[in-house]
Amino acid sequence: MPEPHPDVGLAPETLAVLRGWAGSEGPLATRAHVVLLASEGLRDADIARRLGVSRQTVGSWRHRWHSAGLPGLRQRPRTGRPATVDEAEVITRALLAPGGSGASRAIARELGLSHATVASIRRRWQLPPDESPAPYVPTRPPLPGADIWVMGLYVDQTRAVLLAGTRPQAPRAAPAATVIGEDVLEGVDRALSTLRAATAAGSSGTDAEGDRTLLAYLTAAAEHHPDIALHSIVLWESGGPRPAQEHRRAHSPVTFHDLPARTTWRGFLRAMIALDSTSHPESSRRVYLDLVAALRRTTHRTPTEAVHWLRENVAEHLRAPHRGELPSHPASFSGVNQIDLGSFNECVVIESVRLSGSITRGEIAHRTGLTQQSVSRIARSLLDRGILVEDAQRRATSGKPRTPVRLCGTAAHALGLHIDPELLTAVVIDLDGAIVCTCTRPVSADIDPGEFVAQVVALGHEALEKAQGAVREDGLLGVGVAVPGPVDIASGTVLNPPLLTAWDDLPLLYLLKDHFPCRVLIEKDSLAAAAGERWIGRDRRARDFAYLYLGTGVGSGLYLNGDLYRGVSANAGEFGQLCAIALGRIAADGRPELLPECNPPVSVRDFAARLGLRVPGDGGSTAAYRAVGRAAAAGDPAAVSAVREVARAVGGGALGLVDLLDIDLIVLGGPFFTDDVAEFYLDEIGRAVNEFPTARRLRRVEVERSVLSAEAAAVGAASTLFHAAFTPRLRGRDRA
């Protein structure tokens, strides 16, 4: 048998019993090992392999442990059937099953239950297979409404309370993806179990104190979430019903509920998290990882302190607009599903046409490997739908003239919005990447988030109105939004960007969706710029490259293996820390420094002033940067030194990218990659990536200007719509 390891989620006395059983002979040893290995985070299949037993046996004993604890392990249940059934665990497995269907027979085999039992539980919770969830949660009394959220958690010495929110309408029918995994559920379970054990060991407060603290928490929650009905579900409570409990329930601003009759607190918590995450893309891993972190931070508190967590506001984007606000939808454009690509091969044909500009059907067949008949059929369909148009015929050396095809620029348009700490930019581009119109508006970094969103919406509507003559009423493919990172793509939330001090987990995507009745995508600004470079650069960017975006901060976007590389959380390309590591700039706590060089408009101005250049003080950092750039282009030594110092820091980060990824193309762009300073950046970065890499004898790295304009991020944001619709890919992350 493998040696068990203690788990912080098990009480010391329970751990001692399990260790004693594990060291003995007989059936109790196997059962103890199942629990101890499960507490380490091993999956049922891994535990079964280690112990040489079936997965059904492991699932049965885990279920017995969760439902009955140590007494459940002492008794042997009927063969293949647990003595008790945790309905909530069935619901969790059903919700998180691959594909979302949660086949009842597979769940029954995994948990050691009968198919009829699983089907009965799903009917009772109103979660039939292969249908969108509109659940009935049988708490006592039942939760009203089918749209259910996990809103908070409270734990003190005598009780744990889960705060749920409900709305009467059913949740959206097609969420972006299931974003909660077993690792997150286990993390919440372990952290809360540890907290329960620590709280119980130090219990010394009075019931009255706990009641007052809980009432204050619930009152604060009701004030923080005024647009959603809140319900308090008691996960556990010592002492049973008491007069103080009845007083608390009578004076609470939320309704109180008890657990469903056939669930454990662990199973119910897991089921509520799974239900929330599969119904709402906003309830992403980040929300529950924040919960785990909050619970773990409290392990060093005094046992008498209550622990409480309250999630961000989820209702703001669904409220009705106040008087004087912008209407929810622009009057002149409506959402469409005009471009519906039927196959991977259609995307392959479009990509071939896009890269070539103009190409014959025979050349498409030669480049793609498709048959002439397939290319002709696909081209005919795309011509009929207006996505392709025919060019003038080309004379051939033999046979009939050939008619090339090209993309029809007016077949689709997209609106791109770039959110920068100093400037808002909106562009409308066509399918060829041509800019139809541009609108800009200056902003300040400390602006109120509500006012900021209103300005973004107004600017987007202004751009659409200006483009109205060029864009068909049914031709708007969607809206792309480029934002500074980090960003939670699953929920559309911008997470405390370093240079936007007033933002705190702003659910930007869903605030904007209220005002644009079409597809809205949110993307990190450097990644959006890379997508735009690939789309508009055509064959010049038909290989792997890294895009270095010089904005109010320096970021990178990676195009690798024929697609934009976003990473696990869609936050790939955080470039500043790479520069700090390359330069050996590490803070006292071990964290890479936040380099001033990675904020070009500020650092270039400051470096030039330090070297004696008189920099204009009015007009902000952007005006000062451009003034220093003009001086550098004119040959001023202080200005040249300032620009080169920043360029060398960026070159150090670029060197790390080249060595790590083995790429041979770096593209420079962004609003602060201006003509005045371009040569300095190209020279310093080109020298760094060609003179210092480990494999410099095997490759020459090209450092080129971007094909995009100063509105690179906004154009890139709009291009993400085209990229998502037309780029051929066999697999990838689904994006709402």
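This is a short talk on one predicted protein model, going from the whole chain down to a few single residues.

Okay, hi everyone. Keep in mind that what you see above is a predicted model. Let's start with the whole chain. How many helices and strands does the protein chain have? There are 24 helices and 19 strands. The chain has 736 residues, and 54% of them are buried. For the surface, the accessible area is about 31600 Å², and carbon and sulfur atoms account for 52% of that. Now look at contacts between residues with a separation of 6 or more: 69% of those link residues that sit 24 or more positions apart.

Next, helix pairs. When two helices pack, people describe them by the angle between their axes and the distance between the axes.

Our first example is H5, residues 87-96, with H11, residues 265-279. Their axes come within 8 Å and cross at roughly 25°. Angles under 35 degrees count as roughly parallel, so H5 and H11 are roughly parallel to each other. The crossing of H5 past H11 is left-handed. If you want to find the contact on screen, H5 brings Ala88, Glu89, Ile91, Thr92, Leu95 and Leu96. On the H11 side, look for residues including Phe268, Arg270, Ala274 and Leu275. Sorting the residues of this contact gives eight nonpolar, three polar and two charged.

The second pair is H22, residues 637-661, and H23, residues 675-691. Here the axes are 8 Å apart and the angle is about 40°. So is that parallel or oblique? H22 is oblique to H23. This time the crossing is right-handed. Among the H22 residues in the contact are Val640, Val643, Val646 and Leu655, and H23 contributes residues including Phe680, Tyr681 and Ile685. That contact divides into 14 nonpolar residues, one polar and five charged.

Hold on to Val646, one of the H22 residues in that contact, because it comes up again with Ser603, a residue that is buried at a relative accessible area of 2%. Ser603 lies in helix H20, residues 600-610. Which residues does Ser603 contact, leaving aside its neighbours within four places in sequence? They are Pro596, Glu597 and Val646.

Now for His66, which lies in helix H4, residues 55-74. His66 is partly exposed, with a relative accessible area of 27%. Its C-alpha is 9.2 Å from that of Trp265, although the two are 199 residues apart in sequence. Not counting residues up to four places away, His66 touches Asp189, Thr264 and Arg266.

Last stop, some backbone details. In the loop between H7, residues 115-124, and strand E1, residues 147-155, you'll find Pro141. The peptide bond joining Arg140 and Pro141 is cis, with omega at about -5°. That loop between H7 and E1 also holds Gln126. Gln126 is not a glycine, yet its phi is positive, about 55°. Gln126 is partly exposed, at 43% relative accessible area.

Ala570 is another non-glycine with a positive phi, about 65°. Where is Ala570? Look in the loop between strand E17, residues 563-565, and helix H19, residues 576-582. Buried means under 20% relative accessible area, so Ala570, at 3%, counts as buried.

That's my tour. Thanks, and shout if you'd like to go back to any of the helices.

Conventions: Residues are numbered from 1 along each chain as its sequence is written. This is a predicted model: local features need pLDDT of at least 70, side-chain atom pairs count only at pLDDT 80 or more; totals for chains, interfaces and linings use all residues. Side-chain values use heavy atoms; hydrogens and water are left out. Helices (H or I, at least four residues) and strands (E, at least two) are DSSP runs, numbered from the N terminus. Buried means under 20% relative accessible area, exposed over 50%, partly exposed in between (1.4 Å probe, protein chains only). Contact means heavy atoms within 4.5 Å. Accessible areas come from the Shrake-Rupley method with a 1.4 Å probe; for residues, only the protein chains shown count as cover. Axes are lines fitted to C-alpha atoms, for helices over the stretch in contact, and angles run from 0 to 180 degrees between N-to-C directions. Angles under 35 degrees count as roughly parallel, over 145 as roughly antiparallel, 65 to 115 as roughly perpendicular and the rest as oblique. A crossing is left-handed if the near helix is turned anticlockwise from the far one by less than a right angle, and right-handed if clockwise. Ala, Val, Leu, Ile, Met, Phe, Trp, Tyr, Cys and Pro count as nonpolar, Asp, Glu, Lys and Arg as charged, and the others, Gly among them, as polar.
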